[in-house]
Amino acid sequence: MVSITKIPFGLKDNRLVGLDEVESGLACGCLCPACESPLVARKGSRNTHHFSHYQRTSCPSSFETSVHRMAKQIIAEEKYLWIPRLELKKFKMDQYGQGVEERLLITEAKIQKFSNIQLEKVLDGVRPDLIAEFRNRAILIEIFVTNRVDQKKTNLIRRLRKSAIEIDLSDVSYSVSKDELRDLVIHGLRNKRWISLESYRARKKELNLNFKRKWDLNLRRQELVRQHRNTQIEEPIYPPARSLIRKKLENVPKGF
Ligand SMILES: [Zn+2]
């Protein structure tokens with residue numbers, strides 16, 4: 001359960017800062033990034049340090065705003081990100097109960113450097129948290145703290161044919177340090193997912209073509225196997241009838 005007034009990062013000189021960057025107590029000189037009221041830096045033990053509101057007892061959006069804004073600041077500062085592996089897959093069962101699968105690798109997990117980062121910029125009617133640009137291309141980045149990107153926004157991004165990644169930070173607590181958050185945001189892979197791919201239609205077409213080739217080949221192979229079985233059935237491949245075996249046994253000299 002996240003406390004509604006305990007937060008990991010405070011606002012100072014229009015930047016988000018962690019506890020290790022400021023003095024203890026009210027002397028930290030930080031404001032809440034949500035309500036802009038004064039904060040107190042509580043430098044307790046490693047797992048309990050946090051900022052809390054000096055006077056306010058309720059500020060429901062402070063935790064989310066604090067983490068969300070720091071994540072964006074980190075990406076804008078670092079200008080690179082580990083992006084997750086992406087593979088398109090198609091699977092179908094044929095009439096003989098055999099599965100046919102084709103995969104198309106779009107990208108391995110890798111470091112992607114950016115030349116420019118834009119925050120909260122509206123792009124064709126959609127406002128992602130960040131737009132990370134590189135070589136005349138862009139990846140939209142969404143930070144998930146309490147609200148996942150919904151289906152409506154996902155559909156809009158896909159219609160616009162933009163590549164987009166969501167970074168899941170829903171597990172972080174009010175005592176997370178800036179270094180720990182940086183690790184999750186920049187280097188984390190399991191907490192990232194592709195929600196849209198710019199070249200999806202073209203790559204999907206490519207996958208479908210490859211799949212069809214494999215499917216037809218599989219079908220031809222299955223037919224050949226069946227034909228082979230049919231011809232085998234006409235040949236005497238069964239064991240000799242029981243009467244023949246019995247006859248042979250009867251010929252065996254007694255005493256054996
Ligand atoms: Zn507040």
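This briefing walks through the fold of one protein chain, topic by topic. The model is predicted. The chain has 5 helices and 14 strands. Two open sheets are described below, one of 3 strands and one of 5. A nonpolar core of 43 residues draws on two domains.

**Overall picture**

- Of the 256 residues in the protein chain, 26% are buried.
- Contacts between residues at least 6 apart in sequence often span a long stretch of chain: 61% of them join residues at least 24 apart.

**Confidence**

- The mean pLDDT of the protein chain is 89.
- A score of at least 70 is reached by 88% of the residues.
- Among the elements, strand β13 (residues 163-168) has the highest mean pLDDT, at 98.
- Helix α5 (residues 242-251) has the lowest, at 59.

**The three-stranded sheet**

- Strands β1, β5 and β4 form an open sheet, in the order β1-β5-β4.
- The pairing in this sheet is antiparallel.
- Its edges are β1 (6-7) and β4 (39-42), and each of these strands pairs on one side only.
- β1 meets strand β5 (residues 50-53) over 2 bridges, in the antiparallel sense.
- One bridge partnership sets K6 against S52 in β5.

**The five-stranded sheet**

- Strands β10 to β14 make up another open sheet, in the order β10-β11-β12-β13-β14.
- Here the pairing is mixed.
- The edge strands are β10 (116-119) and β14 (192-196), each pairing on one side only.
- From one strand to the next, the twist averages 25 degrees.
- Helix α2 (residues 151-159) packs on this sheet and touches β12, β13 and β14.
- The direction of helix α2 makes about 65 degrees with that of β14.
- β13 and β14 run antiparallel and are joined by 4 bridges.
- I165 stands opposite W194 in β14.

**The largest nonpolar core**

- The largest nonpolar core holds 43 residues.
- The members that touch the most other members are A71, A132, I141, L169 and L181.
- At least two core residues come from each of β3 (15-17), β4, α1 (62-78), β6 (80-83), β11 (130-134), β12 (137-144), β13 and α3 (178-187).
- Helix α1 gives the most, with 6 residues.
- Domain 1 (6-78) and domain 2 (81-204) each supply at least three residues to this core.
- A132 touches L81, F114, I117, A138, I139 and I141, leaving aside residues up to four places away in sequence.

**Strand β6 and its partner**

- Strand β6 has two faces: L81 and I83 lie on the covered one, while Y80 and W82 lie on the uncovered one.
- β6 runs antiparallel to strand β9 (residues 110-113), and 4 bridges join the two.
- In β9, K113 is the bridge partner of Y80.

**Two residues with positive phi**

- E36 is not a glycine, yet its phi is positive, at about 60 degrees.
- E36 sits in the loop between β3 and β4.
- E36 counts as exposed because it has 10 C-beta neighbours inside 10 Å, and the limit for exposed is 12 or fewer.
- K79, also a residue other than glycine, has a positive phi near 55 degrees.
- K79 sits in the loop between α1 and β6.
- K79 counts as partly exposed because it has 15 C-beta neighbours inside 10 Å, and that class lies between the limits of 12 and 20.

**R158 on helix α2**

- R158 lies in helix α2, the helix that packs on the five-stranded sheet.
- With 16 C-beta neighbours inside 10 Å, R158 is partly exposed.
- R158 and R201 are 43 residues apart in sequence.
- In space, these two residues are 10.0 Å apart, C-alpha to C-alpha.

How values were computed:
Residues numbered from 1 in each chain as written. Predicted model: local features only at pLDDT ≥ 70, side-chain atom pairs only at ≥ 80, totals over all residues. Contact = placed C-beta atoms within 7 Å. pLDDT = per-residue confidence, 0-100. Pairing = 2+ DSSP bridges. Core = buried A, V, L, I, M, F, W, Y, C linked by C-beta atoms within 7 Å. Domains from an automatic or database assignment. Axes fitted to C-alpha atoms, helices over the stretch in contact; angles between N-to-C directions.
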